[in-house]
Amino acid sequence: MRRIILFLHENPFLKEKIENMRKEFRDVSFVEKSGVNNLDDILEKTEGIVTGRFTRELSEKTPNLKITFASWTGVDNIDFRIVRERNLIVANTKSHAKIVAEKAVLLFFPFLEGLWSIIAI
């Protein structure tokens with residue numbers, strides 16, 4: 001049986017990446033949610049899942065799951081109680097880390113301006 005990696009969080013940016021993975025890892029089926037007729041049937045066979053939210057309901061539908069990939073930098077939408085119970089691997093992308101850090105710094109500037117005005121008084 002081929003290993004299945006399911007992409008529940010669809011993103012046009014990922015299309016090219018998924019195609020490249022299909023070429024490189026021919027023994028793995030990379031499945032996109034939009035191309036699935038019976039999602040529950042695929043979930044039952046899935047070993048890896050790319051999603052923005054990992055819940056108990058999703059966990060119960062994926063008995064063969066070994067790894068979940070958060071589709072962005074943060075992992076706050078993953079229920080880590082389930083992860084520990086099932087001894088799953090969690091991975092996330094670090095490719096957005098620089099952008100997230102830059103945005104955090106930029107969001108801090110208005111606060112900093114207010115802080116300087118308090119200190120200057």
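Start by selecting K61: this lysine is partly exposed, with a relative accessible area of 33% (buried means under 20% relative accessible area, exposed over 50%, partly exposed in between, with a 1.4 Å probe and protein chains only). Before going on, note that this is a predicted model, where local features need pLDDT of at least 70, side-chain atom pairs count only at pLDDT 80 or more, and totals for chains, interfaces and linings use all residues. Residues are numbered from 1 along each chain as its sequence is written, and side-chain values use heavy atoms, with hydrogens and water left out.

**Stop 1: K61 and D40**

Keep K61 on screen and add D40. The two form a salt bridge, with the closest N and O atoms 3.5 Å apart (a salt bridge is a side-chain nitrogen of Lys or Arg within 4 Å of a carboxyl oxygen of Asp or Glu). K61 sits in the loop between α3 (56-60) and β4 (67-70) while D40 belongs to helix α2 (residues 39-45), so this bridge ties together parts that are 21 residues apart in sequence. Helices (H or I, at least four residues) and strands (E, at least two) are DSSP runs, numbered from the N terminus. D40 is partly exposed too, at 42% relative accessibility.

**Stop 2: a salt-bridge network**

The structure holds 10 salt bridges, and some of them hang together. Select K15, E19, R22 and E32: salt bridges that share partners join these into one network.

Zoom in on K15 and E32 and you'll find their closest N and O atoms 2.7 Å apart. K15 is in helix α1 (residues 14-24) and E32 in strand β2, so the pair connects parts that are 17 residues apart in sequence. How do the two ends compare, buried or partly exposed? K15 is partly exposed at 38% relative accessibility, whereas E32 is buried, with a relative accessible area of 14%.

Now slide over to E19 and R22, another salt bridge, with the closest N and O atoms 2.4 Å apart. Both residues lie in helix α1, 3 residues apart, about one turn of the helix. E19 comes out as partly exposed at 37% relative accessibility, and so does R22 at 27%.

**Stop 3: the ring pair**

Next, show F7 and F30. How many aromatic pairs are there? The count comes to 1 (rings of Phe, Tyr and Trp, its six-membered ring, pair if their centres lie within 6.5 Å; planes under 30 degrees apart count as stacked, over 60 as edge-to-face and the rest as tilted). The ring centres of F7 and F30 are 6.4 Å apart and the planes meet at 45°, so this pair is tilted. F7 is in strand β1 (residues 3-7) and F30 in strand β2 (residues 28-32), which puts the partners 23 residues apart and links distant parts of the chain. Both rings belong to buried residues: F7 has 6% relative accessibility and F30 has 10%.

**Stop 4: the sheet**

Switch to cartoon view and colour by strand. You should see an open sheet of 5 strands in the order β2-β1-β3-β4-β5, with parallel pairing (two strands pair if DSSP finds at least two bridges between them). Its edge strands are β2 and β5 (89-92), each pairing on one side only. Neighbouring strands are turned by 20° against each other on average, direction ignored (axes are lines fitted to C-alpha atoms, for helices over the stretch in contact, and angles run from 0 to 180 degrees between N-to-C directions).

Pick β4 and β5: these run parallel and are joined by 4 bridges. For a landmark, select A70, which stands opposite N92 in β5. Then bring back α1, which lies across β1 and β2 and runs at about 160° to β2.

**Stop 5: N87**

Go to the loop between α4 (80-86) and β5 and select N87. Its phi is near 55°, a positive value in a residue other than glycine. N87 is exposed, with a relative accessible area of 67%.

**Stop 6: zoom out**

Finally, show the whole protein chain. What pattern does it follow along the sequence? Reading along, you get β-α-β-α-β-α-β-α-β-α, with 5 helices and 5 strands altogether. Of the 121 residues, 29% are buried.

Technical notes: Contact = heavy atoms within 4.5 Å.
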